[in-house]
Protein chains: 2
Amino acid sequence: MIAIGEASRLSGVSIETIRYYEREGIISKAVRTASGRRAYSDTEISELRFIKRCRNLGFSIQDAVALRNLADAPSDACETVERLGSKHLSDVQAKLAELRKLEKALVELVANCAKGQSDCPMLDALKAR
Amino acid sequence: MIAIGEASRLSGVSIETIRYYEREGIISKAVRTASGRRAYSDTEISELRFIKRCRNLGFSIQDAVALRNLADAPSDACETVERLGSKHLSDVQAKLAELRKLEKALVELVANCAKGQSDCPMLDALKAR
DNA sequence: GCTTGCTTCTGTAGTTACTACAGGATGCAT
DNA sequence: ATGCATCCTGTAGTAACTACAGAAGCAAGC
C-alpha cells in the first residue's frame, strides 16, 4: 500500500489535488490505515495517472471522469470516446484560431510601439472604436 | 445620462459585469439618479469599451487597469505599454505552441478511433504510461 | 389612478479546478 | 526522547465573472 505522498509522486497529481478529487467524488474514497492515513493501490495510481493525462490534454474533469468510466465499460465505449475526442479537438482548434488572431493583433500593436513615437500608438489603438 | 442597460449595450459589457467592476474598484463608482439608479457618461462608456477591448485581447483585468491608467498618464507610458504588450504576446505565443501540440495529439487519438476497431485505441492511449 | 411589464437595485452564492494555509497528530530514525 | 517529515481536517482564497432572489422604480396604456 502506497501513502499519499508517494501516490502524488507516482501519478504527478499533487497531494492537495488528490484529496480534492476524493472530496469531490472524482475518485473513490481511499482505504485508510489504522491511524487514518490514506493508502493507495497500483490500480488507484493508474486511475490518477489516467485523469492527469486527460487533464494535460485539456479535457475537463467532467470529460476525464466520463472517459475513465468508459474505460471500464466495454460496449460502444469507442463511439462515445470518439465523440468526446472530436468535440474537444474542435474546441481546441477554435481556441487556436482565436489565439492566432490575437497574436497577429498583438504583434502589430507592439511593433507600432517600437517605433518610439511621442504618443503611444498601442494605447491609441486600444482607445479607438 | 445613460442607464446601466444602455451602457451595457453600448459597451458590450454585461450589466452584472459592470456592477462587478464597480464593486471591485476596477471602474469608479457611478453617479446615481435621485432614485438610486446608476447613470453613465460617454466617457465612462469609452472606459468600459477600453477594458472590454483589452479583455478581448486576453489581457488580465489587472493589466487592463494598468493600461487604462497609462492611457491617462502622459510620461513614459509608451515604454510600459510596450513591456506589457510584449510580455502578453510571449504568453500568447507559449499558449499557442502548447495548443498546437495538443491538437496534434488529439488528431492522432481521434484518427485511430475512426478505424473502427473492436477495442478503443484512444482509451488505450490514455491508459498507457 | 391603476395595472402591466420592463429595468434596476442589493446581497449572496455558484462556477472551474485547484492551491494555500493553520493547527494538530503520526511515523520513523537516531 | 527528540526531531523532522509526513499526514490529517477544515477553511478560505484564486480569476473573472454569472446567476439568482426579492424588492423597488419607471413608462405607457386604459
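1. Buried here means under 20% relative accessible area, computed on protein chains only. Cys54(A), with a relative accessible area of 0%, is therefore buried. Cys54(B) is likewise assigned as buried, with a relative accessible area of 0%. The model under discussion is predicted.

2. On cysteines, the search covered the whole structure and returned zero disulfides over all chains. For reference, a disulfide is a covalent bond between the sulfur atoms of two cysteines.

3. Aromatic pairing comes next. The count is two aromatic pairs over all chains. In chain A the partners are Tyr20(A) and Tyr21(A), with ring centres 5.8 Å apart and planes at 45°, a tilted arrangement. The angle is neither under 30 degrees nor over 60, so the label is tilted and not stacked or edge-to-face. In chain B, Tyr20(B) and Tyr21(B) form a tilted pair, at 5.9 Å centre to centre and 45° between the planes.

4. Exposure of these tyrosines should be read residue by residue. Tyr20(A) is partly exposed at a relative accessible area of 36%, while Tyr21(A) is buried at 7%. In the other chain, Tyr20(B) has a relative accessible area of 37% and is partly exposed, whereas Tyr21(B), at 7%, is buried. These percentages take in protein chains only, so DNA strand C does not enter into them.

5. The surroundings of DNA strand C comprise 20 residues, of which Tyr20(A), Tyr21(A), Gly5(B), Arg19(B) and Arg38(B) come nearest. Both partners of the chain A aromatic pair are thus named in that nearest group. By residue class, the surface near DNA strand C holds eight charged, six polar and six nonpolar residues.

6. Which part of DNA strand C faces the protein, by atoms within 4 Å? Sugar or phosphate accounts for 70% of those atoms, and bases supply the rest.

7. Three phosphate contacts from chain A can be listed individually. Thr17(A) places a polar side-chain atom 2.9 Å from a phosphate oxygen of DNA strand C. For Ser35(A), an N or O atom of the side chain is 2.9 Å from a phosphate oxygen of the strand. Arg55(A) also has a polar side-chain atom at 2.9 Å from a phosphate oxygen of DNA strand C.

8. By secondary structure, the elements that give two or more residues to the surface near DNA strand C are helix H2 (15-23) of chain A, and helix H1 (4-11) and helix H2 (15-23) of chain B. H2(A) gives the most, with five residues.

Conventions
Residues are numbered from 1 along each chain as its sequence is written. Chains are lettered from A and ligands numbered from 1 in the order in which they are written. This is a predicted model: local features need pLDDT of at least 70, side-chain atom pairs count only at pLDDT 80 or more; totals for chains, interfaces and linings use all residues. Side-chain values use heavy atoms; hydrogens and water are left out. Rings of Phe, Tyr and Trp (its six-membered ring) pair if their centres lie within 6.5 Å; planes under 30 degrees apart count as stacked, over 60 as edge-to-face and the rest as tilted. Buried means under 20% relative accessible area, exposed over 50%, partly exposed in between (1.4 Å probe, protein chains only). A residue is near a molecule or strand if one of its heavy atoms lies within 4 Å of it. A polar contact is a pair of N or O atoms within 3.5 Å; within protein, one must be able to donate a hydrogen and the other to accept it, and residues adjacent in sequence count only if both atoms are side-chain atoms. Helices (H or I, at least four residues) and strands (E, at least two) are DSSP runs, numbered from the N terminus. Ala, Val, Leu, Ile, Met, Phe, Trp, Tyr, Cys and Pro count as nonpolar, Asp, Glu, Lys and Arg as charged, and the others, Gly among them, as polar. A disulfide is a pair of cysteine sulfur atoms within 2.5 Å.
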